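Reader: Got a minute to walk me through this one? I'd like to start with how the helices sit against each other, then move on to the ligand.

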Amino acid sequence: MNQFKPIFLGRAVPGTDLAALSTACNSQKCIRAGGKHNDLDDVGRDTYHHTFFEMLGSWSFNGSYFKAEAIDMAYDLLVNVYGIDPGRLYATYFAGDEDLGLAADEEARECWTRYLPEGRVIGCSAKDNFWEVSEEMKWASPDVFLSHSPSTPRRRIVRPPPIRIRPTHEACACISDVFRLFLSSEKMGDTGPCGPCSEIHYDRIGDRDASSLVNADDPDVIEIWNLVFIQFNRDETSKLASLPARHVDTGMGLERLCSLLQGRRSNYDIDVFAPLFGAISSMSPVGPYGGLVGDDDSTLRDTAYRAVADHARTLTFALADGAVPDNEGRGYVLRRILRRATRYGQQILKCEPGFFAKLVPVVVETFGEAYPELVKNQANIIDIVMEEEQSFSTMLDRGIRYFEDEIKGEKDGEESKKVVSADKAFFLYDTLGFPIDLTELMAQEAGMTIDMVGFAAEMEAQKRRSREARLAARGMGGKRLELIAEQTSWLADGGIPATDDSSKYS
Ligand code: ATP
Ligand code: MG
Ligand code: MG
Ligand code: MG
């Protein structure tokens, strides 16, 4: 919604295309793998979250239509156009919130009860039914594409492709990717347009009362569409003020919708994932994808399949838009995802190093027609993924051995050994380039937890050391010290050490 902020805030310049815009629809690429809306931990383990997904949006500006019409049209599209069984639909509405000083959204409730029985129209708290700026939009802010670490001179820095500035109405008509946020002068923040929302959920099983499973993380009762009624602006003091006009912003997950329309129990069983699973299976000696969710070995394999397929899409799409894996900020989000995929692929699926880059052409083949930028940038994406994967593969082997010998090997027996110590987690992070969430994942698989408080203290100490080294370097003007400081801060951000030392794991 970033592009439309000037309209919501009443600042669109009269006489321009933006001010003249009354409705719009789009398909937007979303990445949710960092910050407060971080779906990364769920991805692979459940069947309906991706780190990258496509969100279908529809928009009403300046009251062109509002709540009642948005609900009517949503119901009409799902039931009369797509033919979805209305007996499986549930709707939620904002149940009011004392802290926000807002009453329940009775209007939305009444609109829904015209279509659904009262028991399937459910009031929910602000957590699920009051929409505010979310993290994936911040992820998509322009610095994603420009961020790179000055301490990584060996890596090629890929600049975003030149932008052809389009007339505003054209931009609005084709805002389909995060890259075009460059077009907007408005930056996302914790302030901004917001409002109550009403969501549509679907029961994949049917013929039962599933109302208690709505918003309860049940893989068979999933949220498919969020209708947001934008009518407030949150200012710098966190107060809500009414906007000059009311607007609608809706978002529906394409993969979730397709899973319903194709009669599947999982997003990963829709057509677009089949070529990816086929390609992974042809490189993995452990057998094909089985479509299971649970805790035993076969489901760990399926989790790995889902994560690798998902992450291949995320990396390919983000790199096509000019983002680059990096040691810090948003670039580190991509590096973490790539390392997570590399570990799942090599350790769990027993694929050879280099397998991940081979998935890029599969993503390009599957999505290239709709997203020509994938085709255009394919060679560059393969190069970056290959290089990233190779540089981590050596560390990965050592890290897995270290984890098996020094961490897991000690687990049995004493209860205290079921906690990975901070220094071991930090060694994996700092010396072997294991993002902490990767170590956490491996610890969970081994029935262990990590001393995260201790780990945070190690990180703090590392930052302090690096700051002191930097200050000392400046004071003494010594080139060598500057270099050390730079490398230390790079490592603190999770980079891989450039040189090999002779010890067993590092
Ligand atoms: P959930 O509660 O399932 O995590 P959400 O409330 O965080 O979803 P919204 O922010 O309301 O999702 O996004 C609008 C729509 O986008 C959702 O209704 C859903 O269909 C889809 N969606 C959200 N997150 C994901 C994801 N990680 N993967 C696939 N689709 C998603
Ligand atoms: Mg979510
Ligand atoms: Mg939700
Ligand atoms: Mg939602």
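Reader: How are α12 and α15 oriented to each other?

Author: Keep in mind that this is a predicted model. Helix α12 (residues 329-348) packs on α15 at an angle of about 60°, their axes 9 Å apart. An angle under 65 degrees but not under 35 counts as oblique, so α12 and α15 are oblique to each other.

Reader: And what's the handedness of that crossing?

Author: α12 and α15 cross in a right-handed way.

Reader: Which residues make the contact?

Author: From α12 you have Arg 335, Leu 338, Arg 339, Thr 342, Arg 343, Gln 346 and Gln 347. α15 brings Val 385, Glu 388, Glu 389, Phe 392, Ser 393, Leu 396 and Ile 400.

Reader: How does that contact split into nonpolar, polar and charged?

Author: The contact of α12 with α15 has 5 nonpolar, 4 polar and 5 charged residues.

Reader: OK, now α13. At what angle does it pack on α15?

Author: About 150°, with the axes of α13 (residues 360-367) and α15 (residues 378-407) 10 Å apart. Angles over 145 degrees count as roughly antiparallel, so α13 is roughly antiparallel to α15.

Reader: Who's touching whom there?

Author: Val 360, Pro 361 and Val 364 of α13 meet Gln 378, Ile 381, Ile 382 and Val 385 of α15. By class, that's 6 nonpolar residues, 1 polar and no charged ones. α13 passes α15 in a right-handed crossing.

Reader: Switching to ligand 1. Which residues come nearest?

Author: His 49, Phe 53, Asn 226, Gly 251 and Gly 253, out of 16 residues around ligand 1. The elements giving two or more residues to that shell are β2 (52-60), β7 (221-234), β8 (240-253) and α9 (254-261).

Reader: Which one gives the largest share?

Author: β7, with 4 residues of the shell around ligand 1.

Reader: What's the chemistry of the shell, by nonpolar, polar and charged?

Author: It's a mix around ligand 1: 5 nonpolar, 6 polar and 5 charged residues.

Reader: You mentioned α9. Which of its residues are buried?

Author: Glu 255, Arg 256, Leu 257 and Ser 259 are buried in α9.

Reader: What do they pack against?

Author: The buried residues of α9 pack against β2, β7 and β8. Those three strands also each give two or more residues to the ligand 1 shell.

Reader: Last one: what comes after α9, and is its phi positive or negative?

Author: Gly 263 follows α9, and its phi is positive, near 65°.

How values were computed: Residues numbered from 1 in each chain as written. Chains lettered and ligands numbered in written order. Predicted model: local features only at pLDDT ≥ 70, side-chain atom pairs only at ≥ 80, totals over all residues. Near = placed C-beta within 6 Å. Nonpolar A, V, L, I, M, F, W, Y, C, P; charged D, E, K, R; others polar. Axes fitted to C-alpha atoms, helices over the stretch in contact; angles between N-to-C directions. Parallel < 35°, antiparallel > 145°, perpendicular 65-115°, else oblique. Left-handed = near helix turned anticlockwise from the far one by under 90°. Contact = placed C-beta atoms within 7 Å. Buried ≥ 20, exposed ≤ 12 C-beta atoms within 10 Å, placed from the backbone.
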